[in-house]
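Me: I would like a close look at one part of this model, the largest pocket, and then an account of the rest of the chain around that part. Please keep the description plain.

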Amino acid sequence: MYEKMKESSSTATHTPSAFTLAAMAAVAGASGSIVGNFADVVTLRMQNDASLPVEHRRNYRNIVHGLQTMIRSEGWNSIWTGVWIGAGRAAIATATQLAGYDVFKQELMAGTTMTDTVPTHIAASCLAGFLSTFICSPFDVFKARLMTIRSQTHPMWVMASRMIKHEGIGWMFKGLTPALISRAPSTIITFVTFEQLKRMYRVSNDLEE
């Protein structure tokens, strides 16, 4: 979605601004998050189950069983648990990662001797991955807690204020280091692979300059 929007707003003499790229990436990310929210809820609950006392575990066997159990015991609204915090997180993540990659790549090529090659793609993806992970950390932590609690009796802002009161501002960055370690390889592989696929497409269609 992001690439198609970027393509439709680009011409031979005009490329979208950084703000426009970020806005398009945010729309794409939020849309994907809303569509896949039910799977996100089930996945987070399954991952969190082992840390709960046996009597409180949900024991979802797989995503289908988890979805059926949620709807049967909690109603259809349960599949939308945390949908807006998830969409907001996804919008920020894609704005910083996808648009961030494009902007970092442009700046590296404009401000250094680096060209449109793999080392540039790796450098830009590392910068974009770090930026995205750091900014999204509070949303990741809050979303995970919201989707895994057994009952939501307070508004989200009350939950957030209580977390700050009891844990300090540091709760926003719990798990930041492992998140950075896990996201760096995936970000590099994603963007380097994508760039090579684009290059192969251009070569196969005689579009290389």
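**The largest pocket and its surroundings**

Reply: In this predicted model, the largest pocket has a lining of 26 residues, and those nearest its centre are E3, K6, K105, K198 and R202. The elements that each give two or more residues to this lining are α1 (2–8), α5 (83–111) and α8 (176–204). Helix α8 supplies the largest share, with 7 residues. By residue class, the lining of the largest pocket holds 12 charged, 10 nonpolar and 4 polar residues. The space in the largest pocket comes to about 960 Å³.

The chain that holds this pocket has 8 helices and 0 strands. Read from the N terminus, the order of elements is α-α-α-α-α-α-α-α. The C-alpha trace spans about 65 × 35 × 25 Å along its principal axes. Of the 209 residues in the chain, 35% are buried.

One of the helices that line the pocket, α5, contains G88. This glycine counts as partly exposed, because its relative accessibility is 26%, and the range for that class runs from 20% to 50%. Between the C-alpha atoms of G88 and Q47 the separation is 22 Å, with these positions 41 residues apart along the chain numbering.

Helix α3 covers residues 37–48. From the first C-alpha to the last, the 12 residues of α3 reach 17 Å, which is close to the 16 Å expected at 1.5 Å a residue. Its buried residues are N37, V41, V42, L44 and R45. These five cover an arc of only 165° around the axis, so they lie on the same side of α3.

After α3 comes a loop that leads to α4 (63–74), and N59 is found in that loop. N59 is not a glycine, yet its phi is positive, at about 60°. With a relative accessible area of 48%, N59 is partly exposed; over 50% would have made a residue exposed.

Helix α6 (residues 118–148) contains G129. Unlike the partly exposed G88, G129 is buried, because its relative accessibility is 7% and the cut-off for buried is under 20%. G129 and P185 are 56 residues apart along the chain, and their C-alpha atoms are separated by 9.2 Å.

The cysteines are the remaining topic. A disulfide is a covalent bond between the sulfur atoms of two cysteines. A search of the whole structure finds 0 disulfides. C126 is in none, and the nearest cysteine sulfur to its own is that of C136, 17 Å away. Seen from the other side, the closest cysteine sulfur to that of C136 is the one in C126, and 17 Å is too far for a bond, because a disulfide requires the two sulfur atoms to be within 2.5 Å. The surroundings of the two residues can be stated as well: C136 is buried, at a relative accessible area of 0%, whereas C126 is partly exposed, at 36% relative accessibility.

To return to the pocket, its lining includes 12 charged residues, and the residues nearest its centre are E3, K6, K105, K198 and R202. Helix α8 gives 7 residues to that lining, while α1 and α5 each give two or more.

Technical notes. Residues numbered from 1 in each chain as written. Predicted model: local features only at pLDDT ≥ 70, side-chain atom pairs only at ≥ 80, totals over all residues. Heavy atoms only, no water. 1 Å grid on protein atoms, 1.4 Å probe; cavity = no way out; pocket = protein on both sides within 12 Å on 5 of 7 lines; lining within 4 Å. Points joined across faces, edges and corners; volume = space filled by probe spheres on them. Helix = DSSP H or I, 4+ residues; strand = E, 2+ residues; numbered from the N terminus. Nonpolar A, V, L, I, M, F, W, Y, C, P; charged D, E, K, R; others polar. Expected span 1.5 Å × (residues − 1). Buried < 20%, exposed > 50% of the residue type's maximum accessible area, 1.4 Å probe, protein only. Arc of directions from axis to C-beta.
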